[in-house]
Structure formats: C-alpha cells, structure tokens
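Here's a quick tour of a small piece of structural bookkeeping. Have a look at the model first, then read on.

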Amino acid sequence: MNKALIVAIANLAAFLELSDDDVVDPDAAVQQLEDLGATLKELHSAELRILCRSLSEYADEERERGASPERVGVLRGLAEHLGLRDEE
C-alpha cells in the first residue's frame, strides 16, 4: 500500500484524536473519524489487511523516531478504533 496514503491517514486520525477541544470540536472529530472508518471499510478484505498491517508498522516507526507514547498508542490502536479489524 502507498506509504504516503498510510502516513496521511494516520496523521489525520492522530490529529483528530489528540487535538485539544479548543483546536478541533470533539463532535466534529468523532464524525470525521467515523466517516474515515466507513470509507476505508469499503476496501476489499486483502486491502484492509494490508492497511491494518501498514498502520501498525507506521506506529512502530513513529515509536522508533521518538513520538510521544500517546501518539504511538493512538496509531497502534487506529485500525481497531476505525472499525477495520472486523473486516479481517
């Protein structure tokens, strides 16, 4: 799967999840994350498996680069949080 797409998805989701309420309205963030998950669920099962694996690998890369534990935790749980693991 395209690395740039993985990074874009992960960074957007982490931003929405980790931003303070005065930066992003919490209800809007939840709605966007739900929309993102719903759209990604349209991928074929093989693509979903690759996406989930790629998101996990990206979380590991971020940990190795010294990202905060909070960011790494969000990235590591992203596939589940977006409801993508159900499709595997």
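## A buried arginine

R71 counts as buried, because its relative accessibility is 18% and the cut-off for buried is under 20%. Keep in mind that this is a predicted model. R71 sits in helix α4, which covers residues 69-76.

So who keeps R71 company? Setting aside neighbours within four places in sequence, R71 is in contact with N11, A14, L18, Y58 and E62. With E62 there is also a polar contact: the two side chains come together at 2.8 Å.

## The helix across from it

E62 and Y58 both turn up again in α3, on the list of buried residues there. The rest of that list is L48, L51, C52, S54, L55 and A59. They span an arc of only 165° around the axis, which puts them on the same side of α3. The general rule behind such a pattern is that an α-helix has 3.6 residues a turn, so residues three or four places apart point the same way.

What do the buried residues of α3 pack against? Their partners are α1 (3-18), α2 (26-40), α4 and α5 (78-81). As for the helix itself, α3 runs over residues 45-64, 20 residues in total. From first C-alpha to last, α3 reaches 29 Å, close to the 28 Å expected at 1.5 Å a residue. After α3 comes G66, which has a positive phi, near 95°.

## The nonpolar core

The largest nonpolar core has 23 residues, and the ones touching the most other members are L40, L51, L55, L82 and L84. Each of α1, α2, α3, α4 and α5 puts in at least two residues.

L51 is a good one to click on. Leaving out neighbours within four places in sequence, L51 is in contact with M1, I6, I9, L40, L43 and L84. Two of the core residues named above, L40 and L84, are among those partners.

## The whole chain

Zoom out and you'll find five helices and zero strands. Read from the N terminus, the order of elements is α-α-α-α-α. Of the 88 residues, 34% count as buried.

How does the overall size hold up? A compact globule with 88 residues would have a radius of gyration near 12 Å, and the chain's 13 Å agrees with that. Taken along the principal axes, the C-alpha atoms fill a box of roughly 40 × 30 × 20 Å. Among contacts between residues at least 6 apart in sequence, 64% join residues at least 24 apart.

Note on methods
Residues are numbered from 1 along each chain as its sequence is written. This is a predicted model: local features need pLDDT of at least 70, side-chain atom pairs count only at pLDDT 80 or more; totals for chains, interfaces and linings use all residues. Side-chain values use heavy atoms; hydrogens and water are left out. Helices (H or I, at least four residues) and strands (E, at least two) are DSSP runs, numbered from the N terminus. Buried means under 20% relative accessible area, exposed over 50%, partly exposed in between (1.4 Å probe, protein chains only). A polar contact is a pair of N or O atoms within 3.5 Å; within protein, one must be able to donate a hydrogen and the other to accept it, and residues adjacent in sequence count only if both atoms are side-chain atoms. Contact means heavy atoms within 4.5 Å. The expected span of a helix is 1.5 Å times one less than its number of residues. The arc is that of the directions from the helix axis to the C-beta atoms. A nonpolar core is a set of buried Ala, Val, Leu, Ile, Met, Phe, Trp, Tyr and Cys residues joined through side-chain atoms within 4.5 Å. The radius of gyration is taken over C-alpha atoms; the globule rule is 2.2 Å times the number of residues to the power 0.38.
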